[in-house]
Amino acid sequence: MRARLHLIILLAFFSLTAFAHSVVEHEGYYEVKHTWEFNKKNCTISLNISKHLYSYYRNDREHLAYKYRFNEDEVEPNYYGFMLSEHDRPVLHGLANQFASHATSERESILLALTFVQSLPYAYDSDTKGEDEYMRYPVETLVDGCGDCEDKVALLAALLYEMDVDFVLLVLPEHMAIGVYCDEVDLPRYLLFQGKKYHYLETTMPDWGIGDIPEKYYSAEIEVVPVDTMPSLLIKGVRFESQGARVDEKANCELQVDLHDLGPGKVTDLGIHVRIIQKGTRNRLLADEYFPLADLLEGEQRTERLSFKSTIKENCVLQVELSGWEVTPQYYELELGYNRTKRY
């Protein structure tokens, strides 16, 4: 998906502080302008965001990757699938480059991005979306011009990632923030993670600098979530059918596997390994097939239909392994039994 992008950042040196956000609708795109204060000077950004891109994130909510990340038998949020989605990278990359190009140091570029995000008004999802929990993708927050802590953290995280800044997510009770590592910053209050000192960034409102922590979170339990760009694969369903054959003869087998790439990014070198095993004192391998598949794009849901031959006996199990480049393999197992024609 291509994003239409024109971006200008102006450092305007005015004596008065101005906080303003405007969106002008044009054919095919939104023209977004935002002004905020940084170092007692006014900064203004202007960027165009494709309506198609905004609609993809606003309306096609099936690709919401943040809901899923599999850790053994548990499902946990996949925050980075949500924050580092591949389709809005041109917009965020352009914006981040402008922040970096107008800063004299990494610390200043971090502060420029932080103050920009802080200046966007805080808004409850219940007030703006009519839902208790609605996570905005970064592009949505840019167009909407507001968001809650998760929305603003997602936008800042996406910008820091494009600026090659080392950061982690900080998940607190009913709150979210960012921890940032910067050689130019050495403050007495920090969070030590994997041998590095990460300093707290609060996104909800202006005037919170690097390392400033709201007092209510001084003793709070903090979960550190390091950056993870590995796409999440999901097997949404498996259907198996064997066309009957006599005992010990190979049957025609049809397997359908429903796949979903939860992002971020597409899955390459995708393949499905299928085995049918007869369980017993000595397990017997009845079928062993590998099927290479086309790449699965971020957010894509696809059904793969696979055909092979195998004998089907009592006490058999079907094992399905889904794998790809730099992704965690997914497994599915289904118990089978012999029948001339049977669906599972």
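In this predicted model, helix 4 buries a long run of side chains: Glu108, Ser109, Ile110, Leu111, Leu112, Ala113, Leu114, Thr115, Phe116, Val117, Gln118 and Ser119 are all buried. That makes 12 of its 14 residues, so helix 4 is largely enclosed by the rest of the structure. The helix covers residues 106–119 and spans 20 Å from its first C-alpha to its last, close to the 20 Å expected at 1.5 Å a residue.

Phe116 is a handy way from this helix into the packing. Setting aside neighbours within four places in sequence, Phe116 is in contact with His34, Trp36, Ile45, Leu95, Phe99, Leu142, Leu155 and Leu159. Phe116 also belongs to the largest nonpolar core, which has 57 residues; together with Met83 and Phe99, Phe116 is among those with the most contacts inside that core. Helix 7 (residues 149–162) supplies the largest share of this core, with 8 residues. Another core lies apart from it, with 28 residues, including Cys253, Phe291, Leu318 and Val327. As a general point, nonpolar side chains in soluble globular proteins tend to be buried together.

Turning to the strands, there is an open sheet of 4 strands in the order 15-14-17-18, with antiparallel pairing. Strand 15 (284–292) and strand 18 (330–336) form its edges, each pairing on one side only. From one strand to the next, the twist averages 15°. Strands 14 and 17 run antiparallel and are joined by 8 bridges; Arg275 stands opposite Gln319 in strand 17.

The backbone has a few quirks worth a look. Most residues other than glycine have a negative phi, and most peptide bonds are trans. Lys40 is not a glycine, yet its phi is positive, at about 65°. Lys40 sits in the loop between strand 3 (29–38) and strand 4 (41–50), and is exposed, with a relative accessible area of 74%. Asn315 does something similar: its phi is positive at about 60°, although Asn315 is not a glycine either. Its loop runs between strand 16 (301–310) and strand 17 (316–323), and Asn315 counts as exposed at 53% relative accessibility.

The remaining quirk concerns a peptide bond. Gly263 and Pro264 are joined by a cis peptide bond, with omega about 0°. Pro264 has its place in the loop between strand 13 (251–261) and strand 14 (271–278).

Technical notes. Residues are numbered from 1 along each chain as its sequence is written. This is a predicted model: local features need pLDDT of at least 70, side-chain atom pairs count only at pLDDT 80 or more; totals for chains, interfaces and linings use all residues. Side-chain values use heavy atoms; hydrogens and water are left out. A nonpolar core is a set of buried Ala, Val, Leu, Ile, Met, Phe, Trp, Tyr and Cys residues joined through side-chain atoms within 4.5 Å. Buried means under 20% relative accessible area, exposed over 50%, partly exposed in between (1.4 Å probe, protein chains only). Helices (H or I, at least four residues) and strands (E, at least two) are DSSP runs, numbered from the N terminus. Contact means heavy atoms within 4.5 Å. The expected span of a helix is 1.5 Å times one less than its number of residues. Two strands pair if DSSP finds at least two bridges between them. Axes are lines fitted to C-alpha atoms, for helices over the stretch in contact, and angles run from 0 to 180 degrees between N-to-C directions.
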